[in-house]
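Open the model in your viewer and keep the sequence panel at hand. The stops below are meant to be selected in order.

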Amino acid sequence: MPLYEAKCPECDTRVEYLRPHARRAETPACLLCQVPTTPCVSAPAYTPSGWGDTKWAGRYDRGLGVTLKDKNHRDRIMQSRGLTEDTKYDQQNRLDKSLSDHGEHERTVRRYENNLREANGDRGLAIANTFPVDP
Ligand SMILES: [Zn+2]
């Protein structure tokens with residue numbers, strides 16, 4: 001099914017939508033303004049059954065603010081602007097790190113509370129025991 005692009009007459013936001021060719025005039029409403037969008041005249045990008053380079057053709061990249069020709073086009077823009085891909089892998093790594101940072105913090109708090117009990121409420125001693133200085 002071809003991928004078409006339409007533009008909001010109010011806010012100029014571009015939207016993409018999949019339609020059979022015969023129904024290409026049925027544009028979606030703008031998500032921001034809730035008004036009907038007008039189809040863009042550019043040639044539609046055909047979404048292939050297997051994702052390939054055509055996936056990028058004619059796609060408006062909101063992050064870059066550019067309608068893409070192909071994957072190379074996007075790579076060149078990313079490179080020229082010194083940008084790197086924020087991949088699923090990066091996002092997972094950040095999530096893992098923040099969870100492990102959180103876990104580490106929780107363990108430190110528990111260690112401090114234990115030390116505080118053992119030090120009979122002496123905070124200085126509890127802190128010293130919680131964060132021992134390496135000899
Ligand atoms: Zn709008």
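Start with Asn120, the residue to select just after helix α2: its phi is positive, near 50°. The model is a predicted one, and the angles and distances on this tour are computed from it.

Now step back into α2 itself by selecting residues 88-118. The helix has 31 residues, and from its first C-alpha to its last it reaches 45 Å, close to the 45 Å expected at 1.5 Å a residue. How many of the 31 residues of α2 are buried? The number is zero, so the helix lies largely in the open. A residue needs 20 or more other C-beta atoms within 10 Å of its own to count as buried.

Next, add helix α3, residues 123-130, to the selection. The axes of α2 and α3 are 8 Å apart, and the two helices pack at an angle of about 135°. They are therefore oblique to each other, and their crossing is right-handed. To see the contact, show the side chains of Thr108, Arg111, Tyr112, Asn115 and Leu116 on α2. On α3, the residues that make it are Arg123, Ala126, Asn129 and Thr130. An α-helix has 3.6 residues a turn, so residues three or four places apart point the same way.

Move to the start of the chain and select strand β1, residues 2-7, together with strand β2, residues 14-18. These two strands pair in the antiparallel sense over five bridges. Pick Ala6, and opposite it in β2 you will find Val15.

Pro2 also lies in strand β1. It has 15 C-beta neighbours inside 10 Å and so counts as partly exposed. Draw a distance from its C-alpha to that of Pro20: the two residues are 18 apart in sequence and 6.5 Å apart in space.

Between the strands of this hairpin there are six residues. Select Asp12, which is found in the loop between β1 and β2. Is Asp12 buried or exposed? With 8 C-beta neighbours inside 10 Å, Asp12 counts as exposed. Its phi is positive, about 70°, although Asp12 is not a glycine. Most residues other than glycine have a negative phi.

For the last stop, go to Gln34, in the loop between β2 and β3 (38-39). Gln34, a residue other than glycine, has a positive phi near 60°. It has 9 C-beta neighbours inside 10 Å and therefore counts as exposed.

Key. Residues numbered from 1 in each chain as written. Predicted model: local features only at pLDDT ≥ 70, side-chain atom pairs only at ≥ 80, totals over all residues. Helix = DSSP H or I, 4+ residues; strand = E, 2+ residues; numbered from the N terminus. Expected span 1.5 Å × (residues − 1). Buried ≥ 20, exposed ≤ 12 C-beta atoms within 10 Å, placed from the backbone. Pairing = 2+ DSSP bridges. Axes fitted to C-alpha atoms, helices over the stretch in contact; angles between N-to-C directions. Parallel < 35°, antiparallel > 145°, perpendicular 65-115°, else oblique. Left-handed = near helix turned anticlockwise from the far one by under 90°. Contact = placed C-beta atoms within 7 Å.
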